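Reader: I'd like a close look at one part of this thing, something with a bit of packing to chew on. Pick a spot, walk me through it slowly, and then tell me how it fits with the rest.

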Amino acid sequence: MKIQTEKRKSPRQNAANKKGVERVERVNGAPVYTAVYKVNRSDELLEFLLRKCNTSRNNVKSLLVRKQVLVNGRVVTQYNYILAKDDEVKLAKKPVKDGVVATQQKTAGQRVQKPRVALKIIYEDEDFLAVDKPAGLLSVESDKETECAYSYAVDYLQSKDKTARPFILHRIDKETSGVLMFAKNVKIHSILRLHWNEQVQTREYYAVVEGILTEKTGTLVSYLKENVNNLVYATSDPSGQKAITHYEVLKENEKYSLLRVKIDTGRKNQIRVQMKEIGHPVVGDDKYGDAKGPLGRLGLHASKLEFIHPQTKELIAITSPVPAAFRALFHG
């Protein structure tokens with residue numbers, strides 16, 4: 001399936017933003033979205049769209065009523081729906097039903113419905129919701145896939161309050177399992193996102209990597225850049241994003257090592273890229289190593305997120321146990 005991106009204005013919806021660039025995504029040649037916007041600050045959905053779209057208030061309301069507005073891949077019809085920084089708002093060319101744009105078609109002629117996973121809630125209070133994300137599930141929807149942990153979190157919160165919504169604080173890779181946390185109100189989200197690196201005390205992972213490490217503990221420091229193929233690579237060029245990773249070998253056998261990893265920076269694919277750089281890629285990594293592995297999945301698990309509550313100043317620790325398959329590889 002090929003997705004193309006091009007610049008264009010949509011006369012039908014009058015969605016031309018004079019100060020910005022519109023993007024049209026095409027699936028199998030058919031246009032799906034007439035505009036995609038990134039949110040830079042908290043706002044109400046109707047007011048946000050009025051600023052972005054060169055059209056009347058009634059026309060914007062019609063887009064919402066006709067289910068042509070999506071926030072993070074979910075249809076939203078509520079005028080005063082609260083947006084937060086880094087949300088993604090899309091305008092669909094046609095109404096969306098069950099998460100599928102009417103013009104989108106699968107190769108086989110229809111969308112294949114996957115069975116919904118049971119997403120485990122591992123922490124919840126008045127301000128936060130954390131889930132134990134399984135490997136193979138996106139944190140947030142992508143252009144090619146709408147099933148994601150965010151969508152499940154929306155369903156869970158709205159089963160108790162139709163006006164509730166989660167706010168995205170961070171992401172973990174699709175093939176990585178473990179702790180994924182959302183804020184439950186925009187104020188907490190804004191404060192924590194603004195001071196994320198100061199408030200978050202611990203970001204811990206467990207990784208199964210190829211080979212036996214000579215140094216059983218160490219700190220990896222490099223700069224990360226991304227190439228035209230969206231692959232991240234390590235470099236000594238300080239114009240890249242600095243990445244700091246600490247590791248400790250817990251167990252090993254003749255082929256693999258189990259590491260406890262803590263990161264000071266949360267760069268894209270950070271652990272995977274830096275482990276590849278020292279010659280010990282994460283097992284099952286089809287981007288930075290060998291897709292074949294003993295686990296049948298990527299050997300990376302987000303085990304702990306520890307942070308200071310931005311208002312109460314309480315230290316909150318959210319944990320997810322090491323997957324049994326990781327332990328079994330080293331005989332428990």
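Author: Let's fix one term before anything else: a residue is buried under 20% relative accessible area, exposed over 50%, and partly exposed in between, using a 1.4 Å probe and protein chains only. By that yardstick C148 is buried, because its relative accessible area is 1%. C53 lands in the buried class too, since its relative accessibility is 4%.

A word on provenance: the model is predicted, local features need pLDDT of at least 70, side-chain atom pairs count only at pLDDT 80 or more, and totals for chains, interfaces and linings use all residues. Numbering starts from 1 along each chain as its sequence is written, and side-chain values use heavy atoms, with hydrogens and water left out.

The part I'd pick is helix α3. Helices here are DSSP runs of H or I with at least four residues, strands are runs of E with at least two, and both are numbered from the N terminus. Helix α3 covers residues 149–158, and because seven of its ten residues are buried, the rest of the structure largely encloses it. Those buried ones are A149, Y150, S151, Y152, A153, V154 and L157. What do they pack against? Taking contact as heavy atoms within 4.5 Å, their partners are the strands β5, β6 (74–75), β11 (120–124), β12 (128–133), β13 (167–168) and β14 (177–183).

Two of those strands lead us to E175, which sits in the loop between β13 and β14. With a relative accessible area of 33%, E175 is partly exposed. Its C-alpha is 8.5 Å from that of G299, although the two are 124 residues apart in sequence. Leaving out residues up to four places away in sequence, E175 touches A135, G136, R297, L298 and L300.

Strand β5 offers another thread. K67 lies in the loop between α2 and β5 (69–71), and its phi is near 60°, a positive value in a residue other than glycine. K67 is partly exposed, as its relative accessibility is 43%. Elsewhere, N230 also has positive phi without being glycine, near 65°; it belongs to the loop between β16 (217–226) and β17 (232–235).

Follow α2 (residues 57–65) and you reach α1 (residues 45–52): the two pack at about 125°, their axes 10 Å apart. Such axes are lines fitted to C-alpha atoms, for helices over the stretch in contact, and angles run from 0 to 180 degrees between N-to-C directions. That angle makes α1 oblique to α2, given that under 35 degrees is roughly parallel, over 145 roughly antiparallel, 65 to 115 roughly perpendicular, and the rest oblique. From α1 the contact uses L45, L46, E47, L49 and L50, and from α2 it uses R57, V60, K61 and L64. Sorted by class, that's six nonpolar, no polar and three charged residues. Nonpolar covers Ala, Val, Leu, Ile, Met, Phe, Trp, Tyr, Cys and Pro; charged covers Asp, Glu, Lys and Arg; the others, Gly among them, are polar.

Zooming out, the chain has seven helices and 21 strands. Of its 332 residues, 48% are buried. Among contacts with a separation of 6 or more, 62% join residues 24 or more positions apart. As for disulfides, requiring two cysteine sulfur atoms within 2.5 Å, the count is zero.
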